[in-house]
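Trainee: Please give me a close look at a single part of this model, and then of what surrounds it. I am new to it, so explain each term once.

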Amino acid sequence: MKTIICFMFLSISFIASSQTLEILKTSPIPQSLSTEQNHNIVMTFSQPIDTSTITKDSFMAYGKWSGPMEGTYSFSNSNTVVTYTPKRPFFYGEWITIRLTNGIKTMNNVSLTNGYVYNYWTKTLLSSPDLILRNQFSSEQDGESFIQSYGAFAGDVNDDEYSDLVVVAETSNDIRVLLNDGTGNYDPAEMNVIRMPNASKPSTNDGADYNHDGIIDLAIGSTQNDNVSLFMGNNTVETFDPEEPLTAGGGVRGLVTIDVNGDGWDDIATANRSDSSYSILLNDGTGNFGAPKTINLNLNQETSIAAADINNDGIMDLAIGGFRSRNVTTLINDGKGNFTQEDTIGISGTPWMMAAGDVNGDGNVDFVTANSSNGKVSVLAGDGAGNLSLIGDYDSGRFTLSIKLGDIDGDGDLDFIGSNYESKDFTLYRNDGSGNFSNPTRFPTTGAGSCAIFHDRNNDGAMDLTLIDEIDDVVILYDSEPLTAGVEDNFKENAISVYPNPFNNSINLKNIPVGAFNVKLVDLQGRIVFEKEKIETKTIDTSHLNIANGAYVLEVSQGLLKTTQLLIKSNTAP
């Protein structure tokens, strides 16, 4: 009997020790958009972990614009919960990547198979619907003409916690580094030009810390050859080391950073239009890359590419657009760098560029494509299993070739901007929170709408716009102004307060002025959704208002006196 009991005990122990190590819960949650910039990252594991395996190379945080983030780790709940505290805040409104590697193990030496990666966005502050032209300047140096400034990157390349600008010039084959002056502006007289001798019409780009030295590096693809130019960041005034050439497929039109095998070292994936393929360049664990693995998908001129966890398994996947086929396909990663086509969907135009994010608020990754042939932006909803469906086509402008996602107004959803080459403009659409886009706003330029970036240049919490014109070689800066609750409370004696906030069926006013006053409810696009004059009531009935969830401004006025309050509409509020 003792032998049997001992055998059963050993069997149970063996089963327990051989269980897979998994991530049960994350904070922030994947694809969320409301996280404060100075938040902690909390990961809950299925088993207690060996705390010595949690290091800066096995548990990493990276901001799209703020770059690699240092931090400290703490442990709780019998070492099943790891809390990562960043050394400094992330930038407002940026795409964050949290990456755990297969080097994380339990005390019984069970590893986190394939690692775990996910993305979310930091919040953006509510801002005015009207963007202000801040500045525009030439990206050319004295004596130059037509360098064809096209691609752009907005990372903090000198580690001063401001968003700098790197412009990629197609004709002069170089990058132009413009450092932020600390106010959200750039001085072209201080521009640093770094040549790309192996490039041929470079444009597509992405940033990462490829060698784990804590500094942003850049990878840039050439559209007219098979070259990827790698620039390793440094802490000198030059900002980057000289170009290191890498080989991919022919005609690199799209490029993304992706850790395909869970080892914690950023790899590179490219979409190659000239030879109709995509390539994977594996990082060897030192920041060096070997020969590419190149695959043909029969998409007919692979052009656009995006990386995200498409099927919610904690492994980064790919979506690729075929230029001639007018198709977008999803490629599901097995965690070892082997990709399988899951779904292919036809769209209305040629997908020149693609961006990823949850646009309809269901927690799954969606995609938006810039369709050059018909001047539209297509919105493709993901189902969380790798399948896509077309949920909208939006007129942008003639020859739409660039697309970006970001929360421009701070209402907690992703808006998009398309760059339009032939119609010489940029078109901004605002999201209603459900993946429906409206209220297009046009930003004209003189030569071509080539590239647009959402980023908070001046660190005020409101999302700004940086636009590139590749024909006239002009950089154009637009600023957003943040709104704050109780912006101008001119009723000094009464100090009106509003509740509940969020609201649903009614808005209650406290300390209202004596006598009749006017009320107005306005959305962040400036549209009046409710207005009533000469009232004296303390309660405003909003149950009849057919308005979407989101942010609104309530204005209460009496003669020359006025106060405004920011309110959030929510169906779950009282």
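**Strand E27 and its surroundings**

Mentor: Strand E26, residues 351-357, is paired with E27 through six bridges, and the two are antiparallel. Residues are numbered from 1 along each chain as its sequence is written. This is a predicted model, in which local features need pLDDT of at least 70, side-chain atom pairs count only at pLDDT 80 or more, and totals for chains, interfaces and linings use all residues, while side-chain values use heavy atoms and leave out hydrogens and water. Strands (E, at least two residues) and helices (H or I, at least four) are DSSP runs numbered from the N terminus; two strands pair if DSSP finds at least two bridges between them.

Within the pairing of E26 and E27, Met-353 faces Ala-370 of E27. On its other pairing, E27 is joined to strand E28, residues 376-382, by five bridges, again antiparallel. There Asn-371 has Lys-376 of E28 as its bridge partner. E27 and E28 make a hairpin, with four residues between the two strands. In that turn, Gly-375 has a positive phi of about 65°.

Now the burial of E27. The strand covers residues 366-371, and six of its six residues are buried, so E27 is largely enclosed by the rest of the structure. Buried means under 20% relative accessible area, exposed over 50% and partly exposed in between (1.4 Å probe, protein chains only). In a regular strand, side chains alternate between the two faces of the sheet. Both faces of E27 are covered. One side carries Asp-366, Val-368 and Ala-370, the other Phe-367, Thr-369 and Asn-371, and all of these are buried.

The partner strand E26 leads on to the aromatic residues. The structure holds 19 aromatic pairs. Rings of Phe, Tyr and Trp (its six-membered ring) pair if their centres lie within 6.5 Å; planes under 30 degrees apart count as stacked, over 60 as edge-to-face and the rest as tilted. Phe-323 and Trp-352 have ring centres 5.8 Å apart and planes at 75°, so this pair is edge-to-face. Trp-352 lies in strand E26, whereas Phe-323 lies in the loop between strand E23 (317-322) and E24; the pair, 29 residues apart, links distant parts of the chain. Both residues are buried, Phe-323 at 9% relative accessibility and Trp-352 at 15%. Together with Phe-399 and Tyr-421, Phe-323 and Trp-352 form one aromatic cluster. Phe-323 also has a charged neighbour: Arg-273 lies over the face of its ring, 4.1 Å from the ring centre. A charge sits over a ring if NZ of Lys or CZ of Arg is within 6 Å of the centre and within 35 degrees of the ring normal.

The loop that holds Phe-323 joins strands of another sheet. Strands E22, E23, E24 and E25 form an open, antiparallel sheet of four strands in that order. E22 (302-308) and E25 (339-346) are at the edges, each with a single partner strand, so one side of each has no neighbour in the sheet. From one strand to the next, the twist averages 20°; axes are lines fitted to C-alpha atoms (for helices over the stretch in contact), with angles from 0 to 180 degrees between N-to-C directions. E24, residues 327-333, runs antiparallel to E25 and is joined to E25 by seven bridges. In this pairing Asn-327 stands across from Gly-346 of E25.
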